[in-house]
Amino acid sequence: MLQYGPFNVALHAAIQARGFSLETLRRRLEEQGITVSLSTLSYWQRGRTRPERADSLRAVRGLEVILELPRHSLLTLLRPSAERAAGPWLPLEELVPEPSVRDLLDEIGDPGDRQLTGLSLHDQYIIGPTRALTEIRTRTVFQAQQRGVDRWVAVYHHPLGLLPRSRTARGCRFGRVRMDESSGLIAAELLFDRALSRGETYLLEYGFTFDENGPAVNEEGRGFHTPQHEYLIEVLFDPAALPARCYRTWRPDAQTALKDSADLRLSSYHSVHFIEFGMAAGYHGIRWEWD
């Protein structure tokens with residue numbers, strides 16, 4: 001029941017199994033800094049409404065902790081239906097400004113992301129002492145939407161058109177890799193260790209390194225043409241190259257100008273980040289100013 005849902009049935013069963021009242025859940029959520037009304041919790045378990053907004057999805061993650069459920073066990077039951085997902089999905093060409101992206105994917109044989117749901121994705125960008133991007137590290141968790149899925153295709157476009165000098169993988173291995181030297185675009189096939197069963201999750205990590213003497217960059221991010229449950233982006237700066245200001249950025253597609261949506265504070269550990277739950281398709285990133 002918990003694995004296949006629906007969400008309200010799984011939530012009700014988990015609450016009953018733990019013997020918690022809705023007031024207890026509300027209070028425990030409040031202790032985590034999450035405010036949810038009793039009526040909302042009641043509607044969720046009765047199926048009258050579903051968590052949709054970012055703050056509601058944060059509350060669902062809190063419920064997973066309180067009810068001692070596996071991570072993402074409730075969140076995965078909230079993935080959009082095929083009908084509801086059709087609207088927010090965007091063609092990759094609308095998010096990547098380089099026209100060669102479709103050629104690279106055709107050469108690899110892109111299986112299409114509709115076979116996988118992105119549950120969690122963490123991007124870490126490392127900025128070196130000369131203000132150049134030196135490394136990208138990505139950690140992501142998928143859930144198979146059909147039996148037999150055994151790979152994912154990662155696409156990366158350097159903001160200044162550079163290609164990586166090396167790459168790493170953990171929990172997977174690189175298959176076919178195609179690059180466009182004129183634009184700094186790379187498409188890489190990441191092969192799983194096995195074909196997945198429907199509903200099975202898979203964790204993998206991969207990364208790219210760049211020339212430490214490259215040009216200075218002032219923004220990074222990722223375009224999503226599918227909805228995403230959770231996205232965490234972090235930029236780590238060398239102590240010798242700290243920015244003056246940092247901003248969260250957003251644009252719905254490659255044809256729209258990048259917009260700053262919030263100020264971000266640099267930590268004493270020289271990093272800046274933001275995390276988003278229930279994220280819509282589009283480009284999400286961080287921009288910074290050197291002085």
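What share of the contacts in the protein with a separation of 6 or more comes from residues 24 or more positions apart? I looked this up before anything else, and the figure is 74%. I note here that the model is predicted.

**Entry: overall counts**

I counted the secondary structure and found 6 helices and 13 strands. I then checked burial: of the 291 residues, 48% count as buried. For the accessible surface I got about 14,200 Å². Carbon and sulfur atoms hold 48% of that surface.

**Entry: the sheet with strand 3**

I traced an open sheet of 3 strands, and its order reads 3-6-5 with antiparallel pairing. Strand 3 and strand 5 (173-180) are at the edges with a single partner strand each, so each has one side without a neighbour in the sheet. I also took the angle between neighbouring strands of this sheet, which is 15 degrees on average with direction ignored.

Next I went through the pairing of strand 3 with strand 6 (residues 185-191). The two run antiparallel and are joined by 7 bridges. I picked out two of the pairs. Arg 151 has Leu 191 of strand 6 as its bridge partner, and His 157 stands opposite Leu 185 of strand 6. As background, I wrote down that strands of a sheet pair through backbone hydrogen bonds, either parallel or antiparallel.

Is strand 3 largely enclosed or left open by the rest of the structure? I found 5 of its 7 residues (151-157) buried, so strand 3 is largely enclosed.

I looked at one residue of this strand in more detail. Trp 152 lies in strand 3. Its relative accessible area is 8%, under the 20% cut-off, so I list Trp 152 as buried. I also took a distance from Trp 152 to Phe 192: the C-alpha atoms are 8.1 Å apart, while the two residues are 40 apart in sequence.

**Entry: helix 2**

I checked which residues of helix 2 (residues 22-31) are buried, and noted Thr 24, Leu 25 and Leu 29. Seen down the helix axis, the buried residues fall within an arc of 130 degrees, so they line one face of helix 2. After the helix comes Gly 33, and I read its phi as positive, near 80 degrees.

**Entry: positive phi outside glycine**

Where does Arg 131 sit? I placed Arg 131 in the loop between strand 1 (116-127) and strand 2 (133-144). Its phi is positive, near 75 degrees, in a residue other than glycine. With a relative accessible area of 31%, Arg 131 is partly exposed.

I noted His 270 under this heading too, since its phi is positive, about 70 degrees, although the residue is not a glycine. His 270 belongs to the loop between strand 11 (259-264) and strand 12 (271-279). I list His 270 as partly exposed, at a relative accessible area of 23%.

**Entry: Arg 287**

I found Arg 287 in strand 13 (residues 282-289). Its side chain makes a polar contact with the side chain of Glu 289, at 3.3 Å. Which residues does Arg 287 contact once its neighbours within four places in sequence are left aside? I listed Asn 218, Glu 219, Arg 245, Cys 246, Tyr 247, Thr 249 and Asp 260.

Terms used:
Residues numbered from 1 in each chain as written. Heavy atoms only, no water. Buried < 20%, exposed > 50% of the residue type's maximum accessible area, 1.4 Å probe, protein only. Helix = DSSP H or I, 4+ residues; strand = E, 2+ residues; numbered from the N terminus. Pairing = 2+ DSSP bridges. Polar contact = N/O pair within 3.5 Å; in protein donor to acceptor, adjacent residues only side chain to side chain. Contact = heavy atoms within 4.5 Å. Areas by Shrake-Rupley, 256 points an atom, 1.4 Å probe, with all protein chains shown as cover. Axes fitted to C-alpha atoms, helices over the stretch in contact; angles between N-to-C directions. Arc of directions from axis to C-beta.
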